[in-house]
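Here is a friendly walk through one protein chain for anyone meeting it for the first time. Have a look at the picture, then read on.

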Amino acid sequence: MNDFDFLAGTWDIANRWRTDFLDPDSAWEEFPGVSRISRHFDGGASFDEVEFPTKGFAGLTLRLFDRERGAWSLYWSSRRTGVLFPPVVGRFEDGRGVFEGEDTHDGRAVRVRYVWSGTGAGAPPRWEQYFSVDGGGTWLLNWTMDFTRRP
């Protein structure tokens, strides 16, 4: 618990994503974002809203810690759909969080992996998203977010 306390606050985000999340040869596109993140349930929950002003969309993430399992469930929703995506579930070890789950992308089944790093003091946080179309045998990095805290 308290693993996401490092995120509380307001952040500028440098986003980088593939123009096609499933194509390893697709181009990378960069764009800004702003995220406002709050801590809840004595560190057992975290909520953020992120805006992508040049993209014209926003999203939110709800993170909940299951004390019995000792694991986090992360739920994403986009303003474009207003629907919660299936959760990714995982935990932090040595300051690195890995979370996985099942989803679809463009009608195709994918395994999703989120990786959080740079969660310690002095290190800027980084989030990465990977998709696998072979059940986790291979992974394609398709989105990164590098966070800079606003004063």
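What follows goes from the whole chain to its strands and turns, and then to a few single residues.

**The whole chain**

First, a word on where this comes from: the model is predicted. If you go hunting for helices, you'll come back empty-handed, as the chain has 0 of them and 10 strands. Reading from the N terminus, the order of elements is simply β-β-β-β-β-β-β-β-β-β.

How big is the box that the C-alpha atoms fill? Along the principal axes, that box is roughly 40 × 35 × 30 Å. The radius of gyration is 15 Å, which agrees with the value near 15 Å that a compact globule of 151 residues would have. Of those 151 residues, 42% count as buried. The accessible surface comes to about 8100 Å², and 50% of that belongs to carbon and sulfur atoms.

Contacts along the chain are worth a glance too. Take the contacts between residues at least 6 apart in sequence: 35% of them join residues at least 24 apart. As for charge, the chain carries 18 positive and 23 negative charges, and their mean positions are 3 Å apart.

**From strand to strand**

Now let's follow the chain from S3 to S9. S3 (45-52) is joined to S4 (residues 57-66) by 8 bridges, and the two run antiparallel. One of the facing pairs here is Phe52 with its bridge partner Phe57 in S4. S4 then pairs with S5 in the antiparallel sense, again over 8 bridges. In this pairing, Phe65 stands opposite Trp72 in S5.

Next along, S5 (residues 71-78) and S6 (residues 88-93) are antiparallel partners over 3 bridges. Leu74 faces Val88 of S6 there. S6 goes on to pair with S7 (residues 96-105), antiparallel too, over 5 bridges. Phe92 stands opposite Gly97 in S7.

Gly97 turns up again in the next pairing, where it stands opposite Trp116 in S8. That pairing, between S7 and S8 (residues 108-117), is antiparallel and has 9 bridges. Finally, 7 bridges join S8 to S9 (residues 126-132), antiparallel once more. Val112 has Phe131 of S9 as its bridge partner.

**The turns**

Several of these pairs are hairpins, and each one in the table has a residue with a positive phi.

| Hairpin | Residues between the strands | Residue and its phi |
|---|---|---|
| S3 and S4 | 4 residues | Gly56, near 75° |
| S4 and S5 | 4 residues | Gly70, near 70° |
| S6 and S7 | 2 residues | Asp94, about 55° |
| S7 and S8 | 2 residues | Asp106, near 50° |

Why would a positive phi catch the eye? Most residues other than glycine have a negative phi. Asp94 has a positive one although it is not a glycine. Asp94 lies in the loop between S6 and S7. With a relative accessible area of 84%, Asp94 is exposed, because the cut-off for that is over 50%.

Phe41 is another case, with a positive phi of about 50° although it is not a glycine. Look for Phe41 in the loop between S2 and S3. Is Phe41 buried or exposed? At 61% relative accessibility, Phe41 counts as exposed.

**Phe21 and His105**

Let's end with two residues that touch each other. Phe21 sits in the loop between S1 (9-18) and S2 (28-40). Although placed in a loop, Phe21 counts as buried, because its relative accessibility of 12% is under 20%. Which residues does Phe21 touch? Leaving out residues up to four places away in sequence, Phe21 touches His105, Gln129, Phe131, Leu140, Asn142 and Trp143. Between Phe21 and Gly107 there are 13 Å from C-alpha to C-alpha, and the two are 86 residues apart in sequence.

His105 belongs to strand S7. His105 is buried as well, with a relative accessible area of 18%. With the same residues close in sequence left out, His105 touches Phe21, Leu22, Val110 and Phe131. So Phe131, the bridge partner of Val112, is touched by Phe21 and by His105.

Conventions
Residues are numbered from 1 along each chain as its sequence is written. This is a predicted model: local features need pLDDT of at least 70, side-chain atom pairs count only at pLDDT 80 or more; totals for chains, interfaces and linings use all residues. Side-chain values use heavy atoms; hydrogens and water are left out. Two strands pair if DSSP finds at least two bridges between them. The radius of gyration is taken over C-alpha atoms; the globule rule is 2.2 Å times the number of residues to the power 0.38. Buried means under 20% relative accessible area, exposed over 50%, partly exposed in between (1.4 Å probe, protein chains only). Contact means heavy atoms within 4.5 Å. Accessible areas come from the Shrake-Rupley method with a 1.4 Å probe; for residues, only the protein chains shown count as cover. Lys and Arg count as positive and Asp and Glu as negative; His and the chain ends are not counted. The place of a charge is taken as NZ of Lys, CZ of Arg, CG of Asp or CD of Glu.
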